Amino acid sequence: GAFRAILGASAVAVVLLLPFVPLELAGRTLPPLTPLTVAAVLYLGIGATALAWSLWYRGYAAAPPAVSAAAFFAQPVVGAVLGVLLLGEVLGPAFLGGAALIAVGVLGIAAATRERREAPE
């Protein structure tokens, strides 16, 4: 289920990233522990990670396989478009080429799914 997938992914991430914590903290000071800092960490940990992953995996599991595959491959394009719209990011020609390849793949998935649904059994 979604919870087990999130828990497993998080456990693996902690084990793999923990050795790099001293390197990341070397020569840096931690920000002061204020209510705003605690709220930001809680938001990132609970809202933007645990809740978002849980909703993503539940939707992913409930959708037909072709829709799940298309959504998986469209993620970077959606993220980049949101970056442009919300953050004013600028996309280069390499991104546009990659987005075109992703679009071709997603359209291919949709066409193959449509053919399978319409094929007589």
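## A spread-out bundle of helices

Leu 87 lies in helix H4. Keep that residue in mind, as we'll come back to it after a look at the whole chain. One thing to say up front: this is a predicted model. The average pLDDT for the protein is 85, and 93% of the residues score at least 70. Broken down by element, the highest mean pLDDT, 89, goes to helix H2 (residues 21–25), while the lowest, 84, belongs to helix H5 (residues 93–118).

**Overall layout**

What does the secondary structure look like? The protein has five helices and zero strands, so reading along the sequence simply gives α-α-α-α-α. The radius of gyration is 20 Å, whereas the globule rule gives 14 Å for 121 residues; the actual value is well over that, so the protein is more spread out than a compact globule. The C-alpha trace tells you its extents too: about 65 × 40 × 25 Å along the principal axes.

How many of the residues are buried? Just 7% of the 121 residues count as buried. The protein exposes about 9600 Å², and 76% of that is supplied by carbon and sulfur atoms. As for contacts, take those between residues at least 6 apart in sequence: 64% of them join residues at least 24 apart.

**The nonpolar patch**

Back to Leu 87. Is this residue buried or exposed? With a relative accessible area of 66%, Leu 87 is exposed. Leu 87 also belongs to a nonpolar patch on the surface, along with Val 78, Val 81, Leu 82, Val 84, Leu 85, Leu 86, Leu 91 and Leu 96. Put together, these residues have about 850 Å² of accessible area. Which element gives the patch its largest share? That's helix H4 (residues 65–87), which contributes seven residues.

**Two residues in helix H3**

Helix H3 spans residues 35–62, and Trp 56 has its place there. Its relative accessible area is 32%, which makes Trp 56 partly exposed. Leave aside residues up to four places away in sequence, and Trp 56 touches Ala 71 and Gln 75. Leu 36 sits in helix H3 as well, and at 67% relative accessibility Leu 36 counts as exposed.

**A salt bridge**

How many salt bridges are there? The count comes to one. As a reminder of the chemistry, side chains of opposite charge can pair when their charged atoms come close. Here the partners are Arg 28 and Glu 24, whose side chains meet at 3.1 Å, N to O. Glu 24 has its place in helix H2. The two partners fall into separate exposure classes: Arg 28 is exposed, with a relative accessible area of 58%, while Glu 24 is partly exposed at 44%.

**Some spacings to check**

Here are three C-alpha to C-alpha distances you can look up in the structure, each set beside the separation in sequence.

| Pair | Apart in sequence | C-alpha to C-alpha |
|---|---|---|
| Trp 56 and Ala 5 | 51 residues | 11 Å |
| Glu 24 and Ala 13 | eleven residues | 15 Å |
| Leu 36 and Ile 6 | 30 residues | 26 Å |

Take the Trp 56 row: Trp 56 and Ala 5 are 51 residues apart in sequence and 11 Å apart in space. For Leu 36 and Ile 6, the separation is 30 residues in sequence and 26 Å in space.

**Pulling it together**

So what's the picture? It's an all-helix chain, with five helices and zero strands, and a radius of gyration of 20 Å that makes it more spread out than a compact globule. On its surface there's a nonpolar patch of about 850 Å², drawn in largest share from helix H4, and Arg 28 and Glu 24 meet in a salt bridge.

Terms used:
Residues are numbered from 1 along each chain as its sequence is written. This is a predicted model: local features need pLDDT of at least 70, side-chain atom pairs count only at pLDDT 80 or more; totals for chains, interfaces and linings use all residues. Side-chain values use heavy atoms; hydrogens and water are left out. Patches are made of residues with over 30% relative accessible area and no salt bridge: like charges are joined within 9 Å, nonpolar side chains (Val, Leu, Ile, Met, Phe, Trp, Tyr) within 5 Å. Accessible areas come from the Shrake-Rupley method with a 1.4 Å probe; for residues, only the protein chains shown count as cover. A salt bridge is a side-chain nitrogen of Lys or Arg within 4 Å of a carboxyl oxygen of Asp or Glu. Helices (H or I, at least four residues) and strands (E, at least two) are DSSP runs, numbered from the N terminus. Buried means under 20% relative accessible area, exposed over 50%, partly exposed in between (1.4 Å probe, protein chains only). The radius of gyration is taken over C-alpha atoms; the globule rule is 2.2 Å times the number of residues to the power 0.38. Contact means heavy atoms within 4.5 Å. pLDDT is the predictor's confidence in each residue, from 0 to 100.
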